[in-house]
Amino acid sequence: IDVSLINKNMQKTFNLGIIVLAPLFFFVCSVHGQTKEDKFIGKWLSKDKMTIEVYKTGKSFSIKQLESSKSKDIKNNGKNVAKDILETSKGEFKGISIDLTNGKEYQSIWVVGDDGKRITFKLKWGLIWYSEDWTRL
């Protein structure tokens, strides 16, 4: 029995295993290691076809209007529409929405879907809660 030949074959098998398993391991870890915070950050499309972006500002989050399909809202592209957003529980964020037409501020909640492809946005207007879903772009 040629031990050196066996060692070479074992080394090739080991190297092939590393080449195949390492990327698979990193892929699985990155998918399962994504937090709700990671799923909250990014670009979203609202019900009325407004493109918005959630981004981190220090320890909180802000939301900026990137693009609107409504001609009356185009002037607000690039402006913040929400601020002081903090994660209050796993996947739930609370903060302030800003009405850009009059500057009024409203208590709001964003709930990230488990798959990270949907956010339910809730805005408190007086005693009534308004709700709509946003989808990830």
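**Exercise 1. Establish how many helices and strands the protein has, and in which order they follow one another.**

Solution. The protein contains two helices and eight strands. The structure examined here is a predicted model. Read from the N terminus, the elements follow the pattern α-α-β-β-β-β-β-β-β-β. The chain has 137 residues, and 28% of them count as buried.

**Exercise 2. Determine what the eight strands form and in which order they are arranged.**

Solution. Step one concerns the overall arrangement. The eight strands close into a barrel in the order E1-E2-E3-E4-E5-E6-E7-E8, with antiparallel pairing. Neighbouring strands of this sheet are turned by 30° against each other on average, when direction is ignored.

Step two follows the pairs. Strand E1, residues 42-45, is antiparallel to E2 and shares four bridges with it. E2 and E3 are joined in the antiparallel sense by seven bridges, whereas three bridges join the antiparallel strands E3 and E4. Five bridges link E4 to E5, again antiparallel, and seven link E5 to E6 in the antiparallel sense.

Step three turns to the pairing of E1 with E8. These two strands are antiparallel and are held by two bridges. In this pair, Leu45 stands opposite Thr135 in E8.

**Exercise 3. Identify which residues stand opposite Lys43, Ile52, Val54, Phe61, Lys83 and Ile96 in the neighbouring strands E2 to E6.**

Solution. The pairs are taken strand by strand.

- Between E1 and E2, Lys43 faces Glu53 in E2.
- Between E2 and E3, Ile52 stands opposite Gln65 in E3, and Val54 stands opposite Ile63 in E3.
- Between E3 and E4, Phe61 has Ile85 of E4 opposite it.
- Between E4 and E5, Lys83 stands opposite Ile96 in E5.
- Between E5 and E6, Ile96 stands opposite Gln107 in E6.

Ile96 thus appears in two pairs, with Lys83 and with Gln107.

**Exercise 4. For the hairpins E1-E2, E2-E3, E4-E5 and E5-E6, state how many residues lie between the strands and which turn residue has a positive phi.**

Solution. The values are set out below.

| Hairpin | Residues between the strands | Turn residue and phi |
|---|---|---|
| E1 and E2 | five | Lys49, about 65° |
| E2 and E3 | two | Gly58, about 70° |
| E4 and E5 | two | Gly91, about 85° |
| E5 and E6 | six | Gly103, about 80° |

The turn residue is Gly in the hairpins E2-E3, E4-E5 and E5-E6; in the hairpin of E1 and E2 it is Lys49.

**Exercise 5. Describe the largest nonpolar core and state which elements build it.**

Solution. First, the general background: nonpolar side chains in soluble globular proteins tend to be buried together. Next, the core itself. The largest nonpolar core comprises 18 residues, and those with the most contacts inside it are Phe40, Ile63, Ile85, Phe93, Trp110, Ile119 and Trp134. Strand E2 (51-57), E3, E4, E6 and E7 each give two or more residues to this core.

Finally, the core is related to the strand pairs. Ile63 has Val54 opposite it, and Ile85 has Phe61 opposite it.

**Exercise 6. Characterise the largest pocket by its volume, its lining and the strands that supply the lining.**

Solution. The largest pocket holds about 740 Å³ of space. Its lining consists of 26 residues, of which Asp48, Met50, Ile98, Phe121 and Leu123 lie nearest the centre. By residue class, the lining divides into 14 nonpolar, five polar and seven charged residues.

The contributing strands are then listed. At least two lining residues come from each of E3 (60-67), E4 (80-89), E5 (92-98), E6 (105-112), E7 (118-125) and E8 (128-136).

**Exercise 7. Locate Glu37 and decide whether it is buried, partly exposed or exposed.**

Solution. Glu37 belongs to helix H2, residues 36-40. Its relative accessible area is 26%. Buried means under 20% and exposed means over 50%; Glu37 is therefore classed as partly exposed.

As a last step, Glu37 is placed relative to another residue. Glu37 and Leu86 are 49 residues apart along the chain, and their C-alpha atoms are separated by 9.8 Å.

Note on methods: Residues numbered from 1 in each chain as written. Heavy atoms only, no water. 1 Å grid on protein atoms, 1.4 Å probe; cavity = no way out; pocket = protein on both sides within 12 Å on 5 of 7 lines; lining within 4 Å. Points joined across faces, edges and corners; volume = space filled by probe spheres on them. Nonpolar A, V, L, I, M, F, W, Y, C, P; charged D, E, K, R; others polar. Core = buried A, V, L, I, M, F, W, Y, C linked by side-chain atoms within 4.5 Å. Buried < 20%, exposed > 50% of the residue type's maximum accessible area, 1.4 Å probe, protein only. Pairing = 2+ DSSP bridges. Axes fitted to C-alpha atoms, helices over the stretch in contact; angles between N-to-C directions.
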